[in-house]
Amino acid sequence: MPSSLQSSPDADVIVVGAGPGGSAAAYHLASHGLDVLLLEKTEFPREKVCGDGLTPKAVRQLLRMGIDTSPEAGWMRNKGLRVVAGDTKLTLDWPTLDSYPAYGLTRTRLDFDDLLANNAVKAGARLMTGVNVTGPLLDKAQRVCGVEAQIGPDKEPVTFRAPLVVSADGVSARMALALGIAKRDDRPLGVAVRRYYYCAEKHDDDYLESWLQLRSAENPNKLLPGYGWIFGLGDGRVNVGLGVLNSSSAFGKTNYRQLLLDWLSGTPEEWGMRDESTADGPIRGAGLPMGFNRVPHYTRGLLLVGDSGGMVNPFNGEGIAYAMESGEVAAEFCAAALAKPAGPRREAVLRGYPKELQSRFGGYYRLGGVFVKLIGNPTVMRLCTDHGLQHPTLMRFVLKLLANLTDPRGGDAMDKIINGLSKVAPSA
């Protein structure tokens with residue numbers, strides 16, 4: 001039995017899941033001086049599917065956690081986005097903003113999640129791995145007061161108690177489901193698959209690459225569903241993948257792994273992505289819960305962060321930045337709430353958490369929902385790619401919109417338009 005379990009099973013806050021959202025929450029909770037227990041069902045290092053490519057929005061959160069993002073610390077930096085549509089290519093640098101760094105990063109989740117979890121431990125959080133949380137522990141008032149879990153090969157049952165629990169358990173959202181918080185079917189949903197390939201030509205590319213038109217070698221005149229990406233990891237490998245949204249007629253009716261292979265069959269032969277011998281590992285897939293597809297984000301002592309609350313950006317499929325930011329916000333509200341006596345005053349503080357998330361992301365995500373429906377129409381998508389790419393100024397605006405990179409106050413005309421649209425869009 002782990003020594004930390006023997007010494008004290010209790011904490012001020014329990015965080016379920018040591019992915020980016022959970023580790024960020026644990027780091028910021030510990031930085032507030034709280035006793036934090038971070039529970040992870042697997043052992044580190046461990047593989048995850050999505051998230052190797054980080055925009056400046058995610059980099060900002062890393063810097064707020066004191067993470068060294070230099071190349072010397074194992075990061076691969078990128079300057080922006082290269083958009084590819086057929087024979088047309090447009091290279092866009094990340095915007096220069098007061099609120100965000102002007103670079104993105106790549107790093108495998110195998111390294112990334114391990115680094116963030118250890119960073120939380122350095123801040124004072126207690127990490128326990130190999131702990132499978134099976135559900136919330138409820139008091140007589142049906143309020144969450146801890147978690148039920150199993151540890152070890154014998155699945156020994158154990159109970160951990162805390163006045164607040166942060167659910168960062170990903171797409172499965174086991175904690176939320178146990179409290180009856182079901183996902184909303186009226187919000188966007190995506191599926192992503194990816195694979196690593198050894199590729200000398202692109203492994204150290206300075207730009208993330210986004211492919212808006214996918215074609216196979218067998219039928220190059222027919223567009224495949226979805227959008228693709230290629231970006232270098234700096235170690236001889238590239239991350240290659242594609243995503244399909246539920247606004248597409250192909251959603252749920254397609255073999256996504258075969259779809260990836262079909263697309264790669266039409267890539268340049270010298271890249272080596274047509275050959276199984278250059279692949280590093282299997283094709284892996286994951287769901288992308290978007291646009292707040294699970295609410296409320298707080299109820300009865302439980303706060304949802306990241307994928308458990310459906311916080312993936314509908315515009316670009318980015319989830320890590322929002323997981324880490326929601327983890328930080330959850331930590332702030334937990335710290336403020338625990339400074340109040342248990343009861344109505346504490347609950348009043350905690351009810352502010354979902355309101356803050358709605359204020360930050362709600363309107364923008366609703367815009368994203370409209371965007372997803374539009375690009376699900378092949379005619380609209382073709383018009384956008386055929387004509388939009390011919391206008392670099394328009395595409396710089398689109399990059400800011402898709403990546404959610406604007407200065408909240410001041411900024412240029414593009415920032416003001418995007419911020420204004422987000423404010424007037426309904427956030428419910």
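**Exercise 1. In strand 10, which residue is the bridge partner of Val131?**

The model is predicted, so local features need pLDDT of at least 70 and side-chain atom pairs count only at pLDDT 80 or more, while totals for chains, interfaces and linings use all residues. Residues are numbered from 1 along each chain as its sequence is written, and side-chain values use heavy atoms, without hydrogens and water.

Step 1. Helices (H or I, at least four residues) and strands (E, at least two) are DSSP runs numbered from the N terminus. Two strands pair if DSSP finds at least two bridges between them.

Step 2. Strand 9 (residues 131-138) pairs with strand 10 in the antiparallel sense over seven bridges.

Step 3. The bridge partner of Val131 in strand 10 is Ile151.

**Exercise 2. Follow strand 10 through its two hairpins and state how enclosed the strand is.**

Step 1. Five residues separate strand 9 from strand 10 in a hairpin, and Gln142 in the turn has a positive phi of about 65°.

Step 2. Strand 10 also pairs with strand 11 (residues 156-161), in the antiparallel sense over six bridges; Val147 stands opposite Phe160 in strand 11.

Step 3. The hairpin of strand 10 and strand 11 has four residues between them, with a positive phi of about 75° at Gly152 in the turn.

Step 4. Buried means under 20% relative accessible area, exposed over 50%, and partly exposed in between (1.4 Å probe, protein chains only). Six of the eight residues of strand 10 (residues 144-151) are buried, so the strand is largely enclosed by the rest of the structure.

**Exercise 3. Is Cys334 buried or exposed, and which residues is Cys334 in contact with, leaving aside its neighbours within four places in sequence?**

Step 1. Cys334 lies in helix 7 (residues 320-338).

Step 2. With a relative accessible area of 0%, Cys334 is buried.

Step 3. Contact means heavy atoms within 4.5 Å. Leaving aside neighbours within four places in sequence, Cys334 is in contact with Val13, Leu29, Leu164, Val166 and Leu303.

Step 4. The C-alpha atoms of Cys334 and Val349 are separated by 8.4 Å, the two residues being 15 apart along the chain.

**Exercise 4. Describe the open sheet that contains strand 7.**

Step 1. Three strands form this sheet in the order 3-7-4, with antiparallel pairing.

Step 2. Strand 3 (53-54) and strand 4 (76-78) are the edge strands, each pairing on one side only.

Step 3. Strand 3 pairs with strand 7 (residues 104-106) over two bridges, and Leu54 stands opposite Leu105 in strand 7.
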